[in-house]
Amino acid sequence: MYIEYDGSFEGYLNALYYILKNKISPNKISFKKNLFNIESIKINSNIKIFNYMSSYLKRSVSNLSLHKFYHCFLSNFEDKDLLAIKYIILALKYPKAIDNYETNDIVINVNKYSKRVSFESHRFLGILRFKLLKNNFYFSKINPDNLIIPLISNHFVKRLSNENWIIFDENHMMAAIYEEKNLSIGLIKSFKNIDFMLEEEEILYEEFWKKYYKSISIKERKNDRLRKNFMPYRYWKNLIEIANKKSEL
Amino acid sequence: MILKDKIKILAESAKYDVSCSSSGSSRANSKNGIGNASIGGICHSWSEDGRCISLLKILFSNNCIFDCAYCINRRSNDIERATFTVDEMVNLTINFYKRNYIEGLFLSSGIYSNPNETMNSLYMVAKILREKYKFNGYIHLKAIPGADPLLIKKAGFYADRMSVNIELPSEKSLKILAPQKSKSSLLVPMKSLSENILDLNRFNVKNHKFVPAGQSTQLIVGASPESDYKIIKLSENLYDKFKLKRVYYSAFLKVNEDNRLPNKNSSLLREHRLYQADWLLRFYKFKAYEIFNKGNYFLDEKLDPKLFWALNNFDLFPVEINRCDFDTLIRVPGIGVKSAYKIFNMRREKSINFDDLKKINVVLKRAKYFITCNGRYMDFSLKDPDKIKQAIYLENKGNLIPLFQDNLPVISIR
């Protein structure tokens with residue numbers, strides 16, 4: 001059976017509700033369309049069902065299981081939708097034992113997927129760079145593999161609580177906008193009302209940062225492989241200190 | 001001198017300080033304030049040498065009246081000199097921080113006129129950051145040896161971490177290489193810091209703690225003849241007596257021509273093994289005398305210290321995975337603290353076999369000589385420590401941690 005939902009976590013919990021209510025075996029469902037899917041079902045994002053399901057899950061499984069379930073959902077693996085469903089069904093069945101059951105294949109994979117997401121979101125707390133715009137917004141463009149904006153936004157709300165800022169995930173076209181102490185997160189098509197002129201002193205501080213970055217390394221200990229391990233090449237284009245180009249957005 | 005040049009000179013002068021950690025302090029943002037400190041620490045970039053950049057690690061000044069043999073900034077060296085102003089330093093920190101380049105500031109300095117004046121500048125930077133700008137990011141300050149203890153104490157109320165570098169593992173070596181420093185000029189501020197940390201943090205007052213992330217220190221390995229045992233024993237004392245959070249080791253790199261110094265750079269692998277041994281002290285409940293028992297004074301560069309210990313104490317093995325206690329489990333080579341926890345949790349549900357161990361990423365290649373599952377060895381394992389040692393040397397041959405090539409070493413300090 002092919003299950004279609006809108007891609008949001010709200011929609012996903014609605015799908016879970018449908019599966020549990022109709023007692024559909026996870027082995028019979030698919031979140032990708034293929035030749036063998038004769039039946040197909042479209043799930044609506046009903047906010048009441050979403051609220052019901054989230055409080056139901058919070059009551060029924062451990063915080064750790066819930067955490068893994070959500071992080072697995074945010075990952076970019078092809079089979080993550082089905083895997084997270086299988087996992088949460090298992091967790092509902094064995095709510096106490098599942099966290100100790102590290103050798104089950106489903107648990108191993110969920111651990112792997114959710115770890116990937118947690119790791120990337122932690123990484124971006126560090127390698128995200130803000131540029132100051134003329135309109136006093138700090139703007140950051142990122143290209144993460146997974147959907148991490150919901151996970152990292154709160155960190156910056158706490159840290160830069162008196163500034164206005166935008167974090168824009170170009171890969172998923174998602175943005176977190178923090179203005180006048182209000183945070184909103186959502187999918188976007190484009191930024192129409194924002195003027196992207198850089199503040200003049202911005203260039204200066206970028207120069208200082210590049211200079212600092214160059215000066216702090218010990219030439220005799222150069223180790224490019226180690227650096228790339230920590231800071232993979234795919235992230236470099238938004239990193240002021242090593243991106244091989246002039247400042248732009 | 002323009003600011004950009006100052007940044008270049010004073011960052012280059014600071015690069016030999018190893019520490020860049022921003023963990024251990026949790027500081028909340030305040031009303032109208034900037035930033036917070038995250039308990040786990042955050043790395044913001046990695047430099048060309050692969051070391052993490054977490055803090056703006058820089059010297060206030062590289063003018064120095066001291067003349068330590070190993071230090072690039074010593075008085076007798078002919079290098080470019082620069083000194084920041086307090087405002088420049090504060091401004092740079094705030095602007096880097098808001099752009100998320102850094103987690104905070106790690107400020108050290110050459111002793112440019114006298115210890116008190118130098119310490120006062122560091123203190124002023126921290127004070128203005130905290131009070132005028134309400135900056136709640138991480139601040140690591142160097143405690144300048146010889147400065148007034150009262151001034152160091154005052155600075156401690158603004159800093160998250162402070163450090164005094166112990167520089168060399170013995171007083172004798174200090175006398176030869178850093179004649180203006182003495183054991184007491186280094187240990188006295190360390191001791192008073194550790195007493196103040198204990199004393200002033202008894203009351204749980206948020207955001208007004210004294211050096212909440214504790215103190216750390218650093219020493220140079222291989223500039224003087226001390227053994228690994230002596231170094232690790234010193235670290236153990238510092239951890240036990242002064243409650244230090246970290247001791248950093250830095251393989252000697254020759255930056256000055258000086259006949260008091262060895263001709264060769266010290267090996268990076270030795271530095272690495274010392275860090276591993278240090279890890280055993282802090283997380284695996286080892287004592288220095290255990291690691292070095294049976295008359296060894298140096299670690300085996302070809303074996304990690306845990307393996308080195310296990311082979312020297314082979315009569316304590318094998319360990320039965322399904323029954324042994326936690327402290328025994330973490331002493332098995334190939335099993336870390338994390339996998340030990342996993343094994344403990346899993347044991348509640350089922351009896352563990354070798355397949356399970358593989359699935360939770362225990363390094364069976366190492367562990368297999370030292371464990372049994374339900375009374376059985378994994379395969380026909382070697383039961384003679386010398387033969388195991390040979391087998392492991394053979395395995396490692398050719399791929400001896402590619403990270404550490406020969407003659408590729410690092411240094412220290414101020």
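**Cavity, pocket and chain contacts**

Biologist: Which residues line the second largest cavity?
Modeller: The lining of that cavity is made up of A:F124, A:I127, A:L128, A:R129, A:K141, A:I142, A:N143, A:Y235, A:N238 and A:L239. A cavity here is a set of points on a 1 Å grid over the protein atoms alone where a 1.4 Å probe fits but cannot get out, and lining residues have an atom within 4 Å of a point. This is a predicted model, in which local features need pLDDT of at least 70 and side-chain atom pairs pLDDT 80 or more, while totals for chains, interfaces and linings use all residues. Residues are numbered from 1 along each chain as written, chains are lettered from A and ligands numbered from 1 in the order written, and side-chain values use heavy atoms, without hydrogens or water.

Biologist: What volume does that cavity have, and which elements of chain A supply at least two residues of its lining?
Modeller: The second largest cavity has a volume of about 60 Å³ (the space filled by probe spheres on grid points joined across faces, edges and corners). In chain A, α5 (105-127) and β4 (137-142) each give at least two residues to its lining, helices being DSSP runs of H or I with at least four residues and strands runs of E with at least two, numbered from the N terminus.

Biologist: And by class, what is in that lining?
Modeller: The lining of the second largest cavity holds six nonpolar, two polar and two charged residues, where Ala, Val, Leu, Ile, Met, Phe, Trp, Tyr, Cys and Pro are nonpolar, Asp, Glu, Lys and Arg charged, and the others, Gly among them, polar. Over the whole structure, the search finds four cavities of 30 Å³ or more.

Biologist: Switching to pockets, how much space lies in the second largest one?
Modeller: The second largest pocket holds about 520 Å³, a pocket being an open set of points with protein on both sides within 12 Å along at least five of seven lines. Its lining has 20 residues, of which A:F9, A:E10, A:Y70, A:P150 and A:M174 are the closest to the centre.

Biologist: Which elements and classes make up the lining of that pocket?
Modeller: From chain A, α1 (9-21), α3 (63-74), α6 (149-159) and β7 (182-187) each provide at least two residues of the lining, and by class the lining of the second largest pocket has 12 nonpolar, six polar and two charged residues.

Biologist: How much area is buried between chain B and chain A?
Modeller: About 5300 Å² is buried between chain B and chain A, with carbon and sulfur atoms giving 57% of that area; buried area is the accessible area (1.4 Å probe) lost on putting two parts together, summed over both. On the side of chain B, B:W46, B:E48 and B:R99 supply 16% of the area that chain B buries against chain A, more than any other three residues.

Biologist: How many salt bridges are there between chain B and chain A?
Modeller: There are seven between chain B and chain A, each a side-chain nitrogen of Lys or Arg within 4 Å of a carboxyl oxygen of Asp or Glu. One of the residues just named, B:R99, has its side chain in a salt bridge with that of A:E201 (3.8 Å, N to O). Another salt bridge is formed by A:E163 and B:K98, with the closest N and O atoms 3.3 Å apart.

Biologist: Where do A:E163 and B:K98 lie?
Modeller: A:E163 is in the loop between α6 and β5 (164-169) of chain A, whereas B:K98 is in helix α2 of chain B, so this pair joins two chains.

Biologist: Which residues does a cis peptide bond join?
Modeller: B:F317 and B:P318 are joined by a cis peptide bond, with omega about 5°, and B:P318 sits in the loop between α10 (305-312) and β9 (319-320) of chain B.
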